[in-house]
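Me: Please take a close look at the ligand site in this model. I want to know what lines it and which contacts hold up at the atom level.

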Amino acid sequence: MTTQELWDQLTHPPAPEDELWSVFHENSKTTRHFLALPDAAVLARMRQLHETLEYAQYPAVPLPERPRPLTAELGPVLRGRTSVREFAQSTVDFDALASVLHHAYAVNRPAGGGQPRSFRTTPSPGGLYPLEVYLHATGVTGLRSGLYHYDPAGAVLRHLHDGDLTRDLAACYVQREIVTGARILVFLTAWFERATFKYGDRGYRFALLEAGHVAQNLGLAAAALGLGAVNLGGYFDHELDDLLRLDGVTASTVYSLALGPVTGDD
Ligand SMILES: Cc1cc2nc3c(=O)[nH]c(=O)nc-3n(C[C@H](O)[C@H](O)[C@H](O)COP(=O)(O)O)c2cc1C
């Protein structure tokens, strides 16, 4: 067999043509036939869509103006990162939670250069920021147990539900015990229209990719602050979306993470 034939054998395994994912992937490829919206139409639609949900009627918990800095060196944090599934039952400092959120998805510079949205700590397709971040916290000093929405534009948490929902949330996960032991659960939800109005089906891919960026920032910021984290994709979508009061179609949970103090730090 020639090296060219070997290459082809490696890169052309039997095609999985009937699988839904392969149909989706094929249909979300950029082609030269894709008719891009004119810039003015994109800007007009962005102005109609939310930059961040406001939840203005819910109690606000302001986040620190100067979030706790991450002083750990990036190299050792990257090399040392590992999934943590068992957490200590000590509390998490509010400042540490605020710092994790800040480094994950905060506004890091104002709108400008024709872009109507403030920029964030993660890259975003077209600067559209299709994600909303929710979290459930128990055992965070100075923060009542319950469900919160993180508003990066207002640098504020909104208290959406007062009270510990751990039991209900754990029931939404394949690995209940991880959720039960974690102090914080972060839910990354995608508001698909914010990306698909511009990019069509590819916008769906983009929303998921952005969630990966935010999740990585969350995990690394947590690790830099000495907290443990695990990414959790094993949840029952309908049940979790119901709990977050999302319809699961226009908006749905696309990723989640559990965070908490690492054992040995008690
Ligand atoms: C998209 C995604 C989903 C994941 N979902 C889960 C999960 O539901 N439960 C879990 O225990 N770990 C989950 N993980 C963590 C992986 O199991 C873990 O990263 C992998 O075993 C490698 O181990 P490490 O993170 O310690 O390096 C997920 C990771 C990714 C990237």
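Reply: A residue counts as near the ligand if one of its heavy atoms lies within 4 Å of it. Keep in mind that this is a predicted model.

Start with the shell. Arg81, Thr82, Ser83 and Arg85 are part of the surroundings of the ligand. Gln175 and Ile178 are there too. Val230, Asn231, Leu232, Gly233 and Gly234 also belong to the shell, and so does Tyr255. By class, the shell holds 4 nonpolar, 6 polar and 2 charged residues. Glycine is counted as polar here.

Now the atoms. Arginine 81 places a side-chain N or O atom 2.8 Å from an oxygen atom of the ligand. Arginine 85 also faces a ligand oxygen, with a polar side-chain atom at 2.6 Å. For glutamine 175, the partner is a nitrogen atom of the ligand. An N or O atom of the glutamine 175 side chain lies 2.6 Å from that nitrogen. The cut-off for a polar contact is 3.5 Å between N or O atoms.

How much of the ligand's accessible area does the protein cover? On its own, the ligand has 620 Å² of accessible area, and the protein covers 53% of that.

To sum up the site: the side chains of arginine 81 and arginine 85 approach ligand oxygen, while that of glutamine 175 approaches ligand nitrogen.

Methods. Residues are numbered from 1 along each chain as its sequence is written. This is a predicted model: local features need pLDDT of at least 70, side-chain atom pairs count only at pLDDT 80 or more; totals for chains, interfaces and linings use all residues. Side-chain values use heavy atoms; hydrogens and water are left out. A polar contact is a pair of N or O atoms within 3.5 Å; within protein, one must be able to donate a hydrogen and the other to accept it, and residues adjacent in sequence count only if both atoms are side-chain atoms. Accessible areas come from the Shrake-Rupley method with a 1.4 Å probe; for residues, only the protein chains shown count as cover.
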